[in-house]
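Biologist: Before we begin, I should like to learn how the features of a helical model are read, one at a time. Please give the general idea in each case and then apply it.

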Amino acid sequence: MVQIVIWVSIIHGFFPKLYHIAPLEKLMTGSAGFSAEVSDLITRSAGIGEIIFGLCLLVFYKNKHIVILNILALLGLLLAVVVMQPQLLIEAFNPVTTNLPLIGLSFIWLKEIKLQNNRHL
């Protein structure tokens with residue numbers, strides 16, 4: 001379960017943002033009014049950030065604060081789509097079908113961290 005959340009962060013940072021900028025990624029940053037060049041830079045920077053965050057999750061997987069930050073980030077990204085491009089919520093592999101399951105897994109992850117911490121007391 002933990003590995004799924006981590007790998008999704010890394011994969012979503014690499015493939016649709018660095019390896020090849022996906023059209024929906026361009027649409028999201030472009031809808032904020034940025035030029036194509038700035039939009040690409042923002043998208044690639046977000047990809048790098050997602051990969052770094054995924055690696056932080058990998059290293060600090062026992063830290064509840066980073067898992068909470070992951071939940072907040074996923075909620076924030078979902079809300080950004082709701083505000084900026086709500087029509088994307090019904091596309092294939094949309095933020096609802098990706099972010100909500102990851103949020104659910106992250107809550108299970110938090111529960112596991114709490115159980116492990118209680119065992120060590």
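**Reading helices, rings and loops**

Modeller: Let us begin with a helix interface. In α1, the residues Val5, Ile6, Ser9, Ile10, His12, Gly13, Phe14, Lys17 and Leu18 meet a set in α3 made up of Thr43, Arg44, Ala46, Gly47, Ile48, Glu50, Ile51, Gly54, Leu55, Leu57 and Leu58. Please bear in mind that this is a predicted model.

Biologist: How is the geometry of such a pair to be described, and what are the angle and the axis distance for α1 and α3?

Modeller: In general, one gives the angle between the two axes and the distance that separates them. Here α1 and α3 pack at about 160°, and their axes are 8 Å apart. Since angles over 145 degrees count as roughly antiparallel, α1 and α3 are therefore roughly antiparallel to each other. The crossing of α1 past α3 is left-handed.

Biologist: Which residues of α1 are buried?

Modeller: The general idea is that an α-helix has 3.6 residues a turn, so residues three or four places apart point the same way. In α1, the buried residues are Val2, Val5, Ile6, Ser9, Ile10, Gly13, Pro16 and Lys17. Their cover includes α2 (23-30), α3 (36-59), α4 (64-84) and α5 (95-119). The helix α1 itself spans residues 2-19, 18 residues in total, and reaches 24 Å from its first C-alpha to its last, close to the expected 26 Å.

Biologist: What does Leu18 touch, its neighbours within four places in sequence left aside?

Modeller: Leu18, which lies in helix α1, is then in contact with Gly13, Arg44, Gly47, Ile48 and Ile51. By contrast, Leu18 and Leu121 are 103 residues apart in sequence and 43 Å apart in space, C-alpha to C-alpha.

Biologist: How many aromatic pairs are there, and how does one characterise them?

Modeller: A ring pair is described by the distance of the centres and the angle of the planes. The count here comes to three aromatic pairs. One of them joins Phe14 and Phe15, with 4.8 Å centre to centre and 85° between the planes, an edge-to-face arrangement. Another pairs Phe14 with Tyr19: the centres are 5.9 Å apart and the planes lie at 35°, so this pair is tilted. Phe14, Phe15 and Tyr19 form one aromatic cluster.

Biologist: Are the members of that cluster buried, partly exposed or exposed?

Modeller: Residues between 20% and 50% relative accessible area are partly exposed, and those over 50% are exposed. Phe14, at 34%, is therefore partly exposed, and Phe15, at 44%, is partly exposed as well. Tyr19 has a relative accessibility of 62%, so Tyr19 counts as exposed.

Biologist: Which residues of α4 and α5 meet, and how are the axes of α4 and α5 arranged?

Modeller: From α4, the contacts involve Lys64, Val67, Ile68, Asn70, Ile71, Leu74, Leu75, Leu77, Leu78 and Val81; among their partners in α5 are Pro95, Asn99, Ile103, Phe107, Trp109 and Ile113. The axes of α4 and α5 come within 9 Å and cross at roughly 165°. The two helices α4 and α5 are therefore roughly antiparallel to each other, and α4 passes α5 in a left-handed crossing.

Biologist: Where does Phe93 lie, and what is its backbone phi?

Modeller: Phe93 is in the loop between α4 and α5. Although Phe93 is not a glycine, it has a positive phi of about 50°. Its relative accessible area is 75%, so Phe93 is exposed.

Key
Residues are numbered from 1 along each chain as its sequence is written. This is a predicted model: local features need pLDDT of at least 70, side-chain atom pairs count only at pLDDT 80 or more; totals for chains, interfaces and linings use all residues. Side-chain values use heavy atoms; hydrogens and water are left out. Helices (H or I, at least four residues) and strands (E, at least two) are DSSP runs, numbered from the N terminus. The expected span of a helix is 1.5 Å times one less than its number of residues. Buried means under 20% relative accessible area, exposed over 50%, partly exposed in between (1.4 Å probe, protein chains only). Contact means heavy atoms within 4.5 Å. Rings of Phe, Tyr and Trp (its six-membered ring) pair if their centres lie within 6.5 Å; planes under 30 degrees apart count as stacked, over 60 as edge-to-face and the rest as tilted. Axes are lines fitted to C-alpha atoms, for helices over the stretch in contact, and angles run from 0 to 180 degrees between N-to-C directions. Angles under 35 degrees count as roughly parallel, over 145 as roughly antiparallel, 65 to 115 as roughly perpendicular and the rest as oblique. A crossing is left-handed if the near helix is turned anticlockwise from the far one by less than a right angle, and right-handed if clockwise.
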